[in-house]
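The exercises below ask you to work through one protein structure with the sequence and the 3D view side by side. Try each task on your own before you read its solution.

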Amino acid sequence: AYLSRMQRGGTIQPFGCMLTVEETNFKIIAYSQNALEMLDLMPQSVPSMDSKLGAGGAVLTIGTDVRSLFTPSSSRALEKAFMAPDISLMNPIWIHSQYTGKPFNAIVHRIDVGMVIDLEPLRTGDAAMSTAGAVQSQKLAVRAISRLQSLPTGDIGLLCDTVVEDVRELTGYDRVMVYKFHEDEHGEVVAEIRRADLEPYLGLHYPATDIPQASRFLFMQNRVRMICDCSATPVKVIQSEELRQPLCLVGSTLRAPHGCHAQYMSNMGSIASLAMAVVINGNDEEGGGTGGRSSMKLWGLVVCHHTSPRAVSFPLRYACEFLMQAFGLQLNMELQLAAQMTEKHILRTQTLLCDMLLRDAPIGIVTQSPSIMDLVKCDGAALYYGATTWCLGVTPSEAQIKDIAEWLLEYHGDSTGLSTDSLADAGYPGAASLGDAVCGMAAARITSRDFLFWFRSHTAKEMKWGGAKHHPDDKDDGRRMHPRSSFKAFLEVVKRRSLPWENVEMDAIHSLQLILRGSFQDIDDSDTKTMVHARLNDLKLQGIDELSSVASEMVRLIETATAPILAVDSNGLVNGWNAKVAELTGLPVGEAMSKSLVHDLVLEESAESVEKMLYRALRGEEEKNVEIKLRTFGTQKQKEAIYLVVNACSSRDYTDNIVG
């Protein structure tokens, strides 16, 4: 309902006027009430094609031919634009009213019932001056893009700082900010340039409800949004009674702001705004795109505020949109580079952890440096092994960790682990007793009864929340949104949530889990433990280095190989699933883990050959060039099967036993 009210609100901003016409005959089917005055026309209750009514001027009513309202050259320009396959490339169209010669930028777009013509008055009637201004805007945008591209790589903060400077130079707004959406959809101001006397917003976090999903959806449709004066009274759109519903104004440059947003702006002391979408490739793990090369993600916004009414011309806004496209591309490259650096750091840490395991298995990962706390961002970590607990940083007590382990075994016994930003929401009955210090958890099962844990505190201690002023009398009535009420509710919720676990972090945890599960297959009796420790301690330095190298290479192969690689344990259950096989099948690593390769993941016609291959591999007989057909899932479901020619080899633990 909220989205519908924004899309079809039936009002526009008064800095321009709007006409909607049937595409085939140019007949007006809707117009804004201020069009009469802005175009110096007169109304008529009876439809008429007569555009020459003497001194009274042309007629504007439902059914009027729109070409009669403008000069002949303007009408020809509109006709040419209407015939264009991509009408957006024709904008803006320079037109003049028929009788007064008043100049307008016409911005035209198609909707379900016809053509919407947004008319924005120009300050000068000189076409050459207007064209020169548009060219100058493009030149400034090109210069800004060159500046962005010349920045040193590896510094997203510098990139954001530079773009706010460039946008302010282009537009002249009092404040320009880069507003980033986090994975849990709340926002943060990560860069800002402002007038010296204005209160800084840099570093403030805002609840997700401040920019609702409806608004985010509209930003993906219309990348630039200008509000000239939030206090101005919106202008009603009059439309033909034959139209079944209010006009869709999503693509209109004049669409009036929703009352809630106008109130929000006013509370912040902002009268005018210009908001521009920052869109990046959504295909990566972080993006959560829907698959395919065209998948895009709204990363954030570049937002401009002004303390008095302000409008910038369409050519300048178009130049800003051009700059945002370049900023999005540059940002996408930086995010990919940062992700690669994170993966390299995790890989180095994993290699060191493997080395520690060989020297002091398995408690070396909590007693030496770096430790498992260095693998992912966390406030604390713990190893629960053989009913004994080793803790680092901020963790629950040993008794509480044991209780969490028993809860996992009872309620998530079929899973290899669990990750959550709220133990309370995950259903852990003892969550309240943990307090705010422990809120989120990632758990990885390394044997049938042993776990690795990572813990995170609630986010309120890390974030500086901010927003518009809230009056105690403001209450949500279920129909009208009040942004400050939703802000209060969000603060109450966020105290029970941690930062979410990123996909790259979970991949690192799964990779370490794979190494541990392959190395320590249910070592329960003390004699076996003693034998394993003695064997490790007797290794020569060269042997340690070789084993460490093998472990490191295994991680590298599984995570980065361009070929699909999967692993199963001695029961045929998946315990390794790299990015490539996940991409081909559409089945994410978290969902693939612990599934039966034969019964869950291969097609029936391949089941027998795969079963024989596993039988031989688990007895040390390696096979090559076996054709198998894997099932497809999720985004790849449209494909019948994935055909692979595979080689199978045995996986052994440190005691030389085949474990998968």
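Helices (H or I, at least four residues) and strands (E, at least two) are DSSP runs, numbered from the N terminus. This is a predicted model, in which local features need pLDDT of at least 70 and side-chain atom pairs count only at pLDDT 80 or more, while totals for chains, interfaces and linings use all residues. Residues are numbered from 1 along each chain as its sequence is written, and side-chain values use heavy atoms, with hydrogens and water left out.

**Exercise 1. Arginine 317**

Task: Find the helix in which arginine 317 lies, decide whether arginine 317 is buried or exposed, and list what arginine 317 touches.

Solution. Begin with the helix: arginine 317 is part of α8, which covers residues 314–359. Next, take the cut-offs, by which buried means under 20% relative accessible area, exposed over 50%, and partly exposed in between (1.4 Å probe, protein chains only). Arginine 317 counts as buried because its relative accessibility is 5%. Finally, use contact in the sense of heavy atoms within 4.5 Å; leaving aside residues up to four places away in sequence, arginine 317 touches Glu120, Val224, Met226, Thr253, Leu274 and Val312.

**Exercise 2. The nonpolar cores**

Task: Work out how many residues the largest nonpolar core has, and which helix gives the most to this core.

Solution. A nonpolar core is a set of buried Ala, Val, Leu, Ile, Met, Phe, Trp, Tyr and Cys residues joined through side-chain atoms within 4.5 Å. In soluble globular proteins, nonpolar side chains tend to be buried together. The largest core here has 46 residues, and those with the most contacts inside it are Met276, Val302, Met324 and Phe327. Helix α8 gives the most to this core, with eight residues. The core draws at least three residues from each of domain 1 (9–42 + 59–123) and domain 2 (129–283 + 294–338), where the domain bounds come from an automatic or database domain assignment. A second, separate core has 27 residues, among them Ala35, Met38, Leu78 and Leu119. To look at one member of the largest core, select valine 302, whose contacts beyond four places in sequence include Val167, Leu274, Met276, Met324 and Phe327.

**Exercise 3. Strand β7 and its partners**

Task: Trace how strand β7 pairs with β6 and with β8, and name the residue opposite isoleucine 107.

Solution. Two strands pair if DSSP finds at least two bridges between them. Strand β6 (residues 93–96) and β7 pair in the antiparallel sense over four bridges, and within this pairing tryptophan 94 has asparagine 105 as its bridge partner. These two strands form a hairpin with six residues between them, and glycine 101 in the turn has a positive phi of about 70°. On to β8 (residues 114–121), which runs antiparallel to β7 and is joined to it by eight bridges; the hairpin connection from β7 to β8 has two residues. Isoleucine 107 stands opposite aspartate 118. As for burial, eight of the nine residues of β7 (103–111) are buried.

**Exercise 4. The five-stranded sheet**

Task: Give the order of the strands in the open sheet of five, and say which strands are at its edges.

Solution. The order is β17-β16-β20-β19-β18, with antiparallel pairing. At the edges are β17 (388–393) and β18 (417–420), each of which pairs on one side only. The twist averages 15° from one strand to the next, where axes are lines fitted to C-alpha atoms, for helices over the stretch in contact, and angles run from 0 to 180 degrees between N-to-C directions. Strand β16 (residues 380–385) is joined to β17 by six bridges, and alanine 381 stands opposite leucine 392 there. Across β16, β17, β18, β19 and β20 lies helix α10 (residues 398–411), which runs at about 115° to β20.

**Exercise 5. Backbone exceptions**

Task: Identify which residues are joined by a cis peptide bond, and where phenylalanine 26, with its positive phi, lies.

Solution. Most residues other than glycine have a negative phi, and most peptide bonds are trans. A cis peptide bond joins asparagine 91 and proline 92, with omega of about -5°, and proline 92 is in the loop between α3 (72–82) and β6. Phenylalanine 26 is not a glycine, yet has a positive phi of about 65°; this residue lies in the loop between β2 (17–21) and β3, and counts as buried because its relative accessibility is 9%.
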